[in-house]
Protein chains: 2
Amino acid sequence: MHITIPDIDAAAAAAAARRLDRLTKPQGSLGRLEELAIRLAGMTGNPSCRFDQRAVVVMAADHGVTEEAVSAYPSEVTAQMVANFAAGGAGINVLARRAGAQVVVVDMGVRAAPGVPGVLDRRLGPGTRNMTREPAMTLAQAEAAVATGRELAGQLAAAGVSLFLTGEMGIGNTTAASAVTAALTGRPAQEVTGRGTGLDDAALAHKVGVVERALALHRPDPADPIGVLASVGGFEIAGLAGLILGAAERRIPVILDGFITGAAALAACAMAPGAPGYLIASHRSVEPGHTAVLEALGLEPLLDLRLRLGEGTGAALALHLVDAALAVRDEMATFDEAGVSERTDG
Amino acid sequence: MHITIPDIDAAAAAAAARRLDRLTKPQGSLGRLEELAIRLAGMTGNPSCRFDQRAVVVMAADHGVTEEAVSAYPSEVTAQMVANFAAGGAGINVLARRAGAQVVVVDMGVRAAPGVPGVLDRRLGPGTRNMTREPAMTLAQAEAAVATGRELAGQLAAAGVSLFLTGEMGIGNTTAASAVTAALTGRPAQEVTGRGTGLDDAALAHKVGVVERALALHRPDPADPIGVLASVGGFEIAGLAGLILGAAERRIPVILDGFITGAAALAACAMAPGAPGYLIASHRSVEPGHTAVLEALGLEPLLDLRLRLGEGTGAALALHLVDAALAVRDEMATFDEAGVSERTDG
């Protein structure tokens, strides 16, 4: 698999920065909003970029590792929540509606296939296998999952989507994300494993042990991201890695959500080192592994709201800041237009 | 002046928390959004509170201390920006429009009275006096400014406004806010004085010296907030303190902006210790004094975006999070409605 990620367009970014510096505010005083407008210009190659159609791609799958009792919720919840997404009742539905984004729900391998209308069927199997006993999936499945995500990015782009948000659902997937993060960053399991949907101390210690066992069994090679995804990943994690690659190769910005989509981004960036330039980190999750992910990607999150829901909810909240940044860029008066004096010392 | 601030309604807050715990998400997994919905219920006494009409009150005034060369911008900019607010071209106009909030611009004492239609005239004078030489205003002016803000809160509430955002404009007002913050928190000037609209190191050192001279001249008493405002405050700072009191006494939540509105909140809370319960800190400003203000108020900001524009821009950005919190509360499906299984261990 060869993936070409275009360079960030420095001229477009500089043009956006010049525009921002003409607006009636001290230069740089809108801080990270200005950074966002500049980065988005560099990604798209367009200092006046707009994102009229945006999609939260929520990939769902089950995880064989739930046999090891790593979650506070039963694995049936994955399918139940997919049905909830399709019915519009989940957190991501509410926040995506507010943000003017469509929700694209993708079944990448939910155990009990819900067969719900409106859910895209991209199933690679009835959930992964138990990574403490065998690889979560075959290399062929990992490659297919990445290819599926890449293709979906192309299909959505062809339909006019110009901004992606990533989301996920999968009981057990913080365990997989911890293993992927440990494998790709070299950090110990203890540092990158958290409470997920709400484990107590004993259950957390057990979960750390599960991640350690899986890593000891497979010894995944960080130089082989497909191998990492196959041995300890998940169908939705691999699919999201592909979606990120498919977006970046088309100059489409991606707003990441939390820890699981961050682990997917880590894998994507291990396959294509230029990909981080197209990523926006929406928030810092409560999951400790997410901080390791953000550091490895060199991304600073926009929000820190102690979120740990996933689904793309943090990304949907951050979309508002993206829209605010573009509104500032386009709608504020310049010093000349408003007849406002500039600095006396510059 | 006697001000009665009602207690926070713990029963309403608990009812909102119960509702949130029935929604299809792990309990508490929407972090600070859930906290917001709970706090707003406690403030308003209504677990289903809504805020259909919201106003950013932008108070503007000039500062005599600009004679001491404390700002990178000439003081004419205050009046020019008031005109820009009235014309709809400033950052706060753009962000308030996006957030569905009206902008109420109040001239509390701009030197060159712009006489712009649409600006409320509540002038207390042509700017304050130079606080390094004499009190910024008389005690009567400070009391009148606070009373003006309190009355305006009542007038806007009578017109249906149920949520206030605070904003300000005034070249030189970070200097006044630093002096007010130092006086009310007991921190040294150096710790609470920053670069404002963009001073270099030498100009910052000069500004710290200006604040120190003013404090040494007046020795303001932290137990006398009106005295503090009179000696080293500003008309807009005192007016905003009054607005905050007028909101809190009516159970109306207030979204603070950054350092200057934070200094106003400090003064308000020194007059009425129950007021912080009605305050939401929108963001952490780049100004170092803001962190001292937030600590003194016991508030944790929602955003940290390296903003330093003021005007209410941070508050307008945070309004989105308030609206998102209420949408989650009202629009998400419950476990029962969606047929989703709950925790296996609880």
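**Close-up views of chains A and B**

A:Asp323 counts as buried because its relative accessibility is 13%, where buried means under 20% relative accessible area, exposed means over 50% and partly exposed lies in between (1.4 Å probe, protein chains only). This is a predicted model, in which local features need pLDDT of at least 70 and side-chain atom pairs count only at pLDDT 80 or more, whereas totals for chains, interfaces and linings use all residues. Residues are numbered from 1 along each chain as its sequence is written, chains are lettered from A and ligands numbered from 1 in the order in which they are written, and side-chain values use heavy atoms, with hydrogens and water left out.

**View 1. A:Asp323 meets A:Arg54 in a salt bridge.** The N to O distance between the two side chains is 2.7 Å, and a salt bridge here is a side-chain nitrogen of Lys or Arg within 4 Å of a carboxyl oxygen of Asp or Glu. The pair links distant parts of the chain, since A:Arg54 lies in strand E1 (residues 54-61) and A:Asp323 in helix H13 of chain A, 269 residues apart. Helices (H or I, at least four residues) and strands (E, at least two) are DSSP runs, numbered from the N terminus. Like its partner, A:Arg54 is buried, because its relative accessible area is 9%.

**View 2. A:Glu34 and A:Lys25 form a salt bridge.** Their closest N and O atoms are 3.2 Å apart, and both A:Glu34 and A:Lys25 are buried. Over all chains, the structure holds 38 salt bridges. Side chains of opposite charge can pair when their charged atoms come close.

**View 3. A:Arg97 forms a salt bridge with B:Glu331.** The closest N and O atoms of these two residues are 3.3 Å apart. This pair crosses between chains, from helix H4 of chain A, which holds A:Arg97, to helix H13 (residues 313-331) of chain B, which holds B:Glu331. A:Arg97 counts as partly exposed because its relative accessibility is 46%, and B:Glu331 is also partly exposed, with a relative accessible area of 36%. In a network of salt bridges, A:Arg32, A:Glu35, A:Glu300 and B:Arg306 are linked.

**View 4. The interface joins 58 residues of chain A to 58 residues of chain B.** Contact means heavy atoms within 4.5 Å. About 4,900 Å² is buried between the two chains, and carbon and sulfur atoms give 59% of it; this buried area is the accessible area (1.4 Å probe) that two parts lose on being put together, summed over both. The rule finds 6 salt bridges across the interface of chain A and chain B. On the side of chain A that touches chain B, at least two residues each come from helices H2 (31-44), H3 (76-87), H4 (91-99), H13 (313-331) and H14 (335-338). H13(A) supplies the largest share of that side, 9 residues.

**View 5. A turn of 180 degrees lays chain A on chain B.** The fit has an RMSD of 0.0 Å, with a shift of 0.0 Å along the axis, which means that the relation is that of a two-fold axis. The copies are superposed by least squares on the C-alpha atoms of residues with pLDDT of at least 70 in both. In chain A, the C-alpha nearest the axis belongs to A:Leu303, 3.2 Å from it. The same surface serves both copies, as 100% of the contact residues of chain A recur in chain B.
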